[in-house]
Amino acid sequence: MTWAILLALVLIPLVFAAMIPSRPSGHAKGVALAGMILPLFALVFLAGLFDWSRPHHMQHEATLEWLPTLGLSLSVGVDGVSMLLIILTGLLGPICVLGSFTAIRENEKTFYSWLLILQSAMFGVFMARDLVLFYLCFEFTLVPMYVLISLFGSSNRKAAATKFFLYTFTGSIVALAGLVYVVVHTFQTTGLWTMDIGTLGEAARAMSLREQALVMGAMLLGFGVKVPLFPFHTWLPLAHTEAPTAGSVVLAGVLLKLGTYGLYRFVLPFTPAAIVEYASLLGVICIVGILYGGLICWVQTDVKKLVAYSSVAHLGFCVLGMLAINATGLQGSVLYMINHGLSTGALFLLIGMVYERYHTRSMRELGGLASRMPVWATFMVFFAMASVGLPGLNGFVSEFLCLLGTFQSSDGWGRPDVAGTPGLLGPWYALFAGFGMVVAAIYLLFMVGKVVWGPLVLPGGAHKHASSHGHGGGHGHGDGDAGGHKHDDDHLPTDLTFREISVLAPLAVLCIALGLFPQPVMAILEAPVNQTVRLVIDHREAPSHGPTRTTPSAPAHAAAPVVLAPHSTPEGEQ
C-alpha cells in the first residue's frame, strides 16, 4: 500500500487548495503552509520504506486502469533519481509559502491556492510511470505558473506570463508529437497499444537512427525549452524577473528541472543511437549557452535578471554532463539539478527580501548593504559562493563532476572512442565549458561587491519609497511596482526577521552538507546512472529496423568509465 503515499503527495496539496476559498482571507497562508508541510511527513515515511540499496529499480509502483481499451492507465512509481527530485520539491514548498507571508497582501486566496496546485502537478511529474499522467502533469504546471506571474508579478508581468506560456506550450506540443510517434511505432511493431514509459522506451530503442533522430529532435525542443537550452532561453529571464519571489524560487528550484528530468527520463533511454550521433553538436549548443549566459550576466544591472540569466549558464553545465554519457557526468548532472535548486532558489529569496524593503533591484541604487543588513549580507555571500562553485559547498561538487565527465568522455584531444568509451565529447568541450566557470565567478563576485560591500547606497528617499510604489495588477504583491496600490512595509525591520532566517537556514545547511558529504547522494545515483550509461553504450550503433529487446544485465562495453565504485555492481532491471 506504499503507493497510497505517492497518491497522498499529489492529493494533499489539492485538498488544501480546495479548502482555501472557504476560509477567511487571513487564514490562506496558514492553510497553504499546512498543505505544504503535511506532504513532508508523507515523504519521510516514503523515504523510510524506499529500498535505497536498489535505487535503480522502480519501487512503490501501482496502476489504476482508466480506459484499458485505449491502453490508458494511471501508473506511478519512483526510483532513486525521482525520489531525490520529489524530496527537493517537497522541501521548497513550505519555503515558498513562508517566503511569501509579507510579500503577498491582497488576493491571498488566489495566490496560495494556485501555489498548492502547482506543487501537486510537480509531484505528479516525477512519480508518473505512464505517458498520459506524465504529460498531463508536465503540461498543467503551465497554468498555475502563468497565473502566479500574470497576477502577482511586476510591471511587465503580462508580457512575461504570455511569453512563458507560449514558449513552453509550443515546445510541449512538439515533444508530444514525438512521444505519440513512439506510441504508434510500438503498436505497429509489437501490436501492443500502451502508454507505459518503460515499454515505450524499449520499443523506441529498436527504431532506426533516422526515426530516433526525429523523435529526439521533437523531445529536445519540448524539454529543451523548459530547461532552457540556448537558443530557446529568451522566455526565462523575463519570467524570472517579473515573477513573484515564490514563483522565481519554484521556477529555479523545480520547474526548470522538469526539462532536465525529461531529458534524463526520455531522451537518453528512448533515443540512445541518436544521442551518440548528435552529442557533439548538442555539446556545442550547451557551451554556447554557458558562455553566452555568463557574458549576458556580466553586463546586467538588475540583480534578479543577473541571477535569472545565470540559470541559462548553470543548466548548460547540467545538460553537458548528461551528454558525456558516462557515470561521472551523469551523476554530476543529476546532482546539479538538486544543487542549482538550492543555491539559486535561495538567491531569489534574498533578492525578494531586499525588494520588499527598498522596492528596487538595481545595482545602481543599492550598495554596501552589509553595514545595514549584516545577516542578509552573510547569507548573500554564502549562497553566491555556492553558486560560483566554491570548494566545500554544493555547487562545486556537481559542477566539477559535469566537467570531469565531459573531459573523460574521450581521453584524447580529438581522438574519440578510446578504450571503449562513447567518445562523445572530450577535453576540448571541458576546456571551453571551464571558461564559463571563470565568467560565472566574475559576474557573481561583481554583484556581491556592488550590493554587499562598499559605501552604503540606498534608493533616493528609501523610507518614503513605499508611498510611491504599488503592486502588480492591484494584488498587492511585494515584487510588483505597478497598479497604484500603496505598500506599507513599516512592519519589516532593517535586517532579516526570524521567519526569513528560518526560510534560508535549511537551504544553507543542505548546501554545506552536499558540499562536504556528497557521497550518500552520489551512492544513490550510482546504480541508476550506470544503468543508463550501459543502455546508451549498448545502443551506440544504429539499431536495426526490427524490434529488439535490450538485456539490462548485459556486460558493459566500458566498465571503467561506467562504474565509479568497483565494489558496487548494480543489478539488472526487474
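Of the 574 residues in the protein chain, 62% are buried. Keep in mind that this is a predicted model. The chain has 20 helices and two strands. When you look at contacts between residues at least 6 apart in sequence, 78% of them join residues at least 24 apart.

Let's start with the interior. The largest nonpolar core has 185 residues, and those touching the most other members are L9, Y112, M127, F266, F270, W376 and F383. The helix that gives the most to this core is α14, with 17 residues. Take L9 as a way in: leaving aside its neighbours within four places in sequence, L9 is in contact with P39, A42, L43, L46, I86, F123 and M127. M127, one of those partners, is also on the list of residues that touch the most other core members.

From the core, follow α14 to its partner α15, which covers residues 374-388. The two axes come within 9 Å and cross at roughly 150 degrees. Angles over 145 degrees count as roughly antiparallel, and α14 and α15 are therefore roughly antiparallel to each other. In passing α15, α14 makes a left-handed crossing. On the α14 side you'll find S343, A346, L347, L350 and V354, and these meet W376, F379, M380, F383, A384, A386 and S387 of α15. Sorted by class, that contact has ten nonpolar residues, two polar ones and no charged ones. Two of the α15 residues here, W376 and F383, also turned up among the core residues with the most contacts to other members.

Now compare that with another helix pair, α7 (residues 157-190) and α9 (residues 209-226), whose axes come within 7 Å and cross at roughly 150 degrees. That angle makes α7 roughly antiparallel to α9. Here, too, the crossing is left-handed as α7 passes α9. From α7, the contact is made by Y167, T168, G171, S172, V174, A175, G178, L179, Y181, V182 and H185. From α9 come E211, V215, A218, M219, L221, G222, V225 and K226. By class, this contact has eleven nonpolar, six polar and two charged residues.

Both α7 and α9 show up again around helix α10, since they are included in what covers the buried residues of α10. Helix α10 runs over residues 235-242 and is mostly covered, with seven of its eight residues buried. The buried ones are W235, L236, P237, A239, H240, T241 and E242. Besides α7 and α9, the cover includes α6 (142-152), α11 (245-270), α13 (303-323) and α14 (327-358).

Two single residues are worth a closer look. S398 sits in helix α16, residues 394-408. Its relative accessible area is 0%, so S398 is buried. Not counting residues up to four places away in sequence, S398 touches G332, L335, Y336 and N339.

The other residue is I524, in helix α19 (residues 519-538). With a relative accessibility of 15%, I524 counts as buried, because the cut-off for buried is under 20%. In sequence I524 lies 468 residues from H56, yet in space the C-alpha to C-alpha separation is 8.5 Å. Setting aside neighbours within four places in sequence, I524 is in contact with W52, P55, G80 and L84.

Note on methods:
Residues are numbered from 1 along each chain as its sequence is written. This is a predicted model: local features need pLDDT of at least 70, side-chain atom pairs count only at pLDDT 80 or more; totals for chains, interfaces and linings use all residues. Side-chain values use heavy atoms; hydrogens and water are left out. Helices (H or I, at least four residues) and strands (E, at least two) are DSSP runs, numbered from the N terminus. Buried means under 20% relative accessible area, exposed over 50%, partly exposed in between (1.4 Å probe, protein chains only). Contact means heavy atoms within 4.5 Å. Axes are lines fitted to C-alpha atoms, for helices over the stretch in contact, and angles run from 0 to 180 degrees between N-to-C directions. Angles under 35 degrees count as roughly parallel, over 145 as roughly antiparallel, 65 to 115 as roughly perpendicular and the rest as oblique. A crossing is left-handed if the near helix is turned anticlockwise from the far one by less than a right angle, and right-handed if clockwise. Ala, Val, Leu, Ile, Met, Phe, Trp, Tyr, Cys and Pro count as nonpolar, Asp, Glu, Lys and Arg as charged, and the others, Gly among them, as polar. A nonpolar core is a set of buried Ala, Val, Leu, Ile, Met, Phe, Trp, Tyr and Cys residues joined through side-chain atoms within 4.5 Å.
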